[in-house]
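Got the viewer open? Let's take a walk through this one, stop by stop.

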Amino acid sequence: MIRPVLHQYQIGTEVTAFSTTRHGGVSKDNYASFNINYYCGDDPNDIRTNRENLCQLLGIDEDHLVYPHQTHSDKVAAIDRQWMDSMSTAEKAISLEGVDAVMTNLSGVCIGVSTADCIPILLYDQENHACCAVHAGWRGTVKRIVQNAVLSMENVYHSQASRLKVVIGPGISLESFEVGDEVYDQFAQAGFDMECIAKRYQKWHIDLWECNKMQLTDMGVPESSIHISGICTYIHHHDFFSARRSGINSGRIFSGIMLK
């Protein structure tokens, strides 16, 4: 087995949380070497091998590795026992179409999201044994998907924002995330504090890490409970996939979380 190289997070003793790096897989060229995303043009056989190796490393069956087909929505899906045991493979795929956050309270099920400059966010509720993985690109950030994820955890698992532990994983930094006026305007029109999340160089730059952190603290998550990895994918593109560097036909980081 080729062993996937993971960037791991310590957010609790009863949970495993990580982001994959580019290393420890069999994919080639712009997908080299570890990619498990089926929607970015990689060889399905290489994806299958990488998935198998990740599952072996995590000690789970392949059907316990769950991630959606993301479309920059604010939709959150719950993975429960009925979903795992009663739905066919086709039904599961349909239920995860257009989903950008997944949550579960099942042990031994690794949920996650795919990114390559967008922001992956992992939420953990130790008290109620629940977790959530969120894909927050700039569109999802404008739609406040991370706040929707917190509300969904509150509604389904009775989580309390004040008790959540959060990781904001590798993504594009303010320094690297140059945007047009139309993107800046969407954040401004959505009511964000632009003095805190934007800076003007030759063009506007947006801080997606800070914007999502502010959304979390507004929901009641303590700032001390939010860990920002600080890894810019655009700068560290040799270790983490960056679509701005390599184009959309390139690999994706998988940020996953699994309850023990």
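Here is what to select, and what you will find there.

Before you click, know that this is a predicted model, where local features need pLDDT of at least 70, side-chain atom pairs count only at pLDDT 80 or more, and totals for chains, interfaces and linings use all residues. Residues are numbered from 1 along each chain as its sequence is written, and side-chain values use heavy atoms, with hydrogens and water left out.

**Stop one: a covered strand.** Select residues 110–115, which form strand E6. (Helices, H or I with at least four residues, and strands, E with at least two, are DSSP runs numbered from the N terminus.) Here 6 of the 6 residues are buried, meaning under 20% relative accessible area with a 1.4 Å probe and protein chains only, while exposed means over 50% and partly exposed lies in between. Cys110, Gly112 and Ser114 sit on one side of E6, Ile111, Val113 and Thr115 on the other, and both faces are covered.

**Stop two: the strands paired with it.** Add residues 65–66, strand E3, which runs parallel to E6 and is joined to it by 2 bridges. (Two strands pair if DSSP finds at least two bridges between them.) Val66 has Ile111 as its bridge partner. Now add strand E14, residues 253–259: it runs antiparallel to E6, with 6 bridges, and Phe254 in E14 partners Ser114.

**Stop three: the cores.** A nonpolar core is a set of buried Ala, Val, Leu, Ile, Met, Phe, Trp, Tyr and Cys residues joined through side-chain atoms within 4.5 Å. The largest has 41 residues, and Ile121, Leu123, Val166, Phe187, Ile206 and Leu216 have the most contacts inside it. Helix H5 gives the most to this core, with 6 residues. A second, separate core has 23 residues, including Val113.

**Stop four: one residue in H5.** Select Gln147, within helix H5 (residues 145–157). Buried or exposed? Gln147 is buried, at 13% relative accessible area. Leaving aside neighbours within four places in sequence, Gln147 is in contact (heavy atoms within 4.5 Å) with Gln215, Asp218 and Met219.

**Last stop: a helix with two sides.** Select helix H6, residues 181–189, and find the buried Val183, Tyr184 and Phe187. They lie on the same side of H6 because they cover an arc of only 100° around the axis, taken from the directions from the helix axis to the C-beta atoms. Glu182 and Gln189 are exposed on the other side of H6. Finish at Gly191, just after H6, which takes a positive phi of about 90°.
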